[in-house]
Amino acid sequence: MKNDEDYVRRTNEIARESRAAGNHPFGAILVGPDGTILMEQGNTHGDTGDRTGHAERVLMTRASLAYSAEFLAGCAMVTSAEPCAMCAGSAYWAGVGRVVFGLSERAMKDLIGPHPDNLTMDLPCRIVLGAGQRKIEVVGPLLEDECLAVHEGFW
């Protein structure tokens, strides 16, 4: 079984692949109860033009179609950057039980500023998820310097 930092490093690899493919540099994975990576997802904005094509939101849509909420309650969504309000909401509605992230939303905002392609809300996912009626464990930020590196020169 891997640890959270290993999973975050995998999301960074996906973020690099996403960037190389012409998308925004974000990656997310779904980790099953036994530690197996069940799904991987990069950002799809460049591929589809969908401004809601964040890696986390797309992953949670796929996960909610493939697995029951009961199963997802034992799973983790691991991301290269802290889920925005939309993505945190998608994790909540899909039913995932744990969220782990690398780069914080605050650090993302500090890096990007008012870039029109990513108007960061500076709303921690803990606040979004904490407003729900079920508990979701949140871990992060982890490996922020490594996660920040994939964004260098992009924005």
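**Exercise 1. Determine how E40 is exposed, and to which side chain E40 is joined by a salt bridge.**

Step 1. E40 has a relative accessibility of 35%, so E40 counts as partly exposed, where buried means under 20% relative accessible area, exposed over 50%, and partly exposed in between, with a 1.4 Å probe and protein chains only. The model is predicted, so local features need pLDDT of at least 70 and side-chain atom pairs count only at pLDDT 80 or more, while totals for chains, interfaces and linings use all residues. Residues are numbered from 1 along each chain as its sequence is written, and side-chain values use heavy atoms, with hydrogens and water left out.

Step 2. The side chain of E40 meets that of R10 in a salt bridge at 2.8 Å, N to O; a salt bridge is a side-chain nitrogen of Lys or Arg within 4 Å of a carboxyl oxygen of Asp or Glu. This pair links distant parts of the chain, with E40 in strand β2 and R10 in helix α1, 30 residues apart. Helices (H or I, at least four residues) and strands (E, at least two) are DSSP runs, numbered from the N terminus.

Step 3. R10 has a relative accessible area of 17% and is buried. Salt bridges that share partners join R10, E13, E17 and E40 into one network.

**Exercise 2. Place β2 in its sheet and describe how β2 pairs with β1.**

Step 1. The open sheet has five strands in the order β2-β1-β3-β4-β5, with mixed pairing; two strands pair if DSSP finds at least two bridges between them.

Step 2. At the edges stand β2 (37-42) and β5 (137-139), each with a single partner strand, so one side of each is left without a neighbour in the sheet. From one strand to the next, the twist averages 15 degrees.

Step 3. β2 and strand β1 (residues 27-31) pair in the antiparallel sense over five bridges. I29 has E40 in β2 as its bridge partner, and G27 stands opposite G42 in β2. The hairpin of β1 and β2 has five residues between the strands, and in this hairpin G35 takes a positive phi near 90 degrees.

**Exercise 3. Find the salt bridges formed by R9 and by R106, and say which parts of the chain they link.**

Step 1. The whole structure holds nine salt bridges. As a general point, side chains of opposite charge can pair when their charged atoms come close.

Step 2. One of these bridges joins the side chains of R9 and E146 at 2.9 Å, N to O. R9 lies in helix α1 and E146 in helix α8 (residues 144-149), 137 residues apart, so that the pair links distant parts of the chain. R9 is partly exposed, with a relative accessible area of 32%, and E146 is partly exposed with a value of 32%.

Step 3. R106 forms a salt bridge with D122, the closest N and O atoms being 2.7 Å apart. Here R106 belongs to helix α6 (residues 105-112), whereas D122 sits in the loop between α6 and α7 (125-130), 16 residues apart.

**Exercise 4. Decide whether helix α5 is mostly covered or mostly open, and name what its buried residues pack against.**

Step 1. Helix α5 (residues 85-94) is mostly covered, since seven of its ten residues are buried. These buried residues are C87, A88, G89, S90, A91, Y92 and A94.

Step 2. The buried residues of α5 pack against α3 (55-66), α4 (69-72), β3, β4 and α7, where contact means heavy atoms within 4.5 Å.

Step 3. Just after α5, G95 takes a positive phi of about 110 degrees.

Key:
Axes fitted to C-alpha atoms, helices over the stretch in contact; angles between N-to-C directions.
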